[in-house]
Amino acid sequence: MDAEQLIEDMQSDIARYIDDTEIVERVRAGEINRERLQRLVTAEFYCQEAEFPTYGLLIGSHRHEAPAQLFGFTLYTVAKARRLLRPAIQAVGLRPEDLNVAAAGRLGHAVSLPALLTGPGEAALYLLTDLAVWCPVFAGLADVARGVDLVPEEVVDYLDSWGSEPPSEVTDGTAEVLTYALAQGENPDRILETARQVERSSAAYWDYVLRR
């Protein structure tokens, strides 16, 4: 199995994860309020708090230019997102300095999963799968949220900033890292198994936001 096959094998899972995400339809149906908006931006803040050290650790653990470039770009992307998240947090009546990082345990554990991995291929395909779900969901959410007076412009701008699909640096970088990882002997079945854990972390995230 090569890198392209691994990425292709995840496509049906990604489509299912997107279909299973209810947030866009919930907002379209008017099931949004200030508390849920606050939980959304809080969830993003907590996830980023986990992602900063996660991808830094991955760079330190896998000292090859392919994973370093992919995970370095991811760190840069998260840092750019944080600049837009701060005004979104304030727009829904919160302050970043008031957020209790200790409360991030459930979400932080889910998104910090790649830091616990031994192989860069696992982390790379997990990352690509995560963004391949998140980007279209956030793009759809931004589209419906624009017509909702309750949703501040700053929140829409933050959602919109992720785009409708992962950037080419991630898609191309993942293929390069997978090629490198397979050549180093990483198990393709384990790489796929790990990528499919995005379903669990996504469910935990939206359970927190929607408080089902």
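Reader: Hi! Which helix gives the most to the lining of the largest cavity?
Author: That's α4, with 5 residues. Helices here are DSSP runs of H or I, at least four residues long, numbered from the N terminus. This is a predicted model, where local features need pLDDT of at least 70, side-chain atom pairs count only at pLDDT 80 or more, and totals for chains, interfaces and linings use all residues. Numbering starts from 1 along each chain as its sequence is written, and side-chain values use heavy atoms, without hydrogens or water.
Reader: Which other helices supply at least two residues of that lining?
Author: Alongside α4 (34-61), there are α5 (65-91), α6 (105-111), α7 and α11 (198-210).
Reader: And which residues are closest to the centre of the largest cavity?
Author: Of the 20 lining residues, those are E51, D130, L131, W134 and W162. A cavity is a set of points on a 1 Å grid where a 1.4 Å probe fits but cannot get out, and lining residues have an atom within 4 Å of a point.
Reader: What volume does the largest cavity have?
Author: About 250 Å³.
Reader: How many cavities of 30 Å³ or more are there?
Author: The count is 3. The second largest holds about 80 Å³ of space.
Reader: Switching to that second one, where does the largest share of its lining come from?
Author: From α4, with 3 residues. Its lining includes R36, L37 and L40, along with L141, A145 and V209.
Reader: How do the residues of that lining divide by class?
Author: They are 11 nonpolar, no polar and 1 charged. For the largest cavity, the lining has 12 nonpolar, 5 polar and 3 charged residues. Asp, Glu, Lys and Arg count as charged; Ala, Val, Leu, Ile, Met, Phe, Trp, Tyr, Cys and Pro as nonpolar; the others as polar.

Methods
1 Å grid on protein atoms, 1.4 Å probe; cavity = no way out; pocket = protein on both sides within 12 Å on 5 of 7 lines; lining within 4 Å. Points joined across faces, edges and corners; volume = space filled by probe spheres on them.
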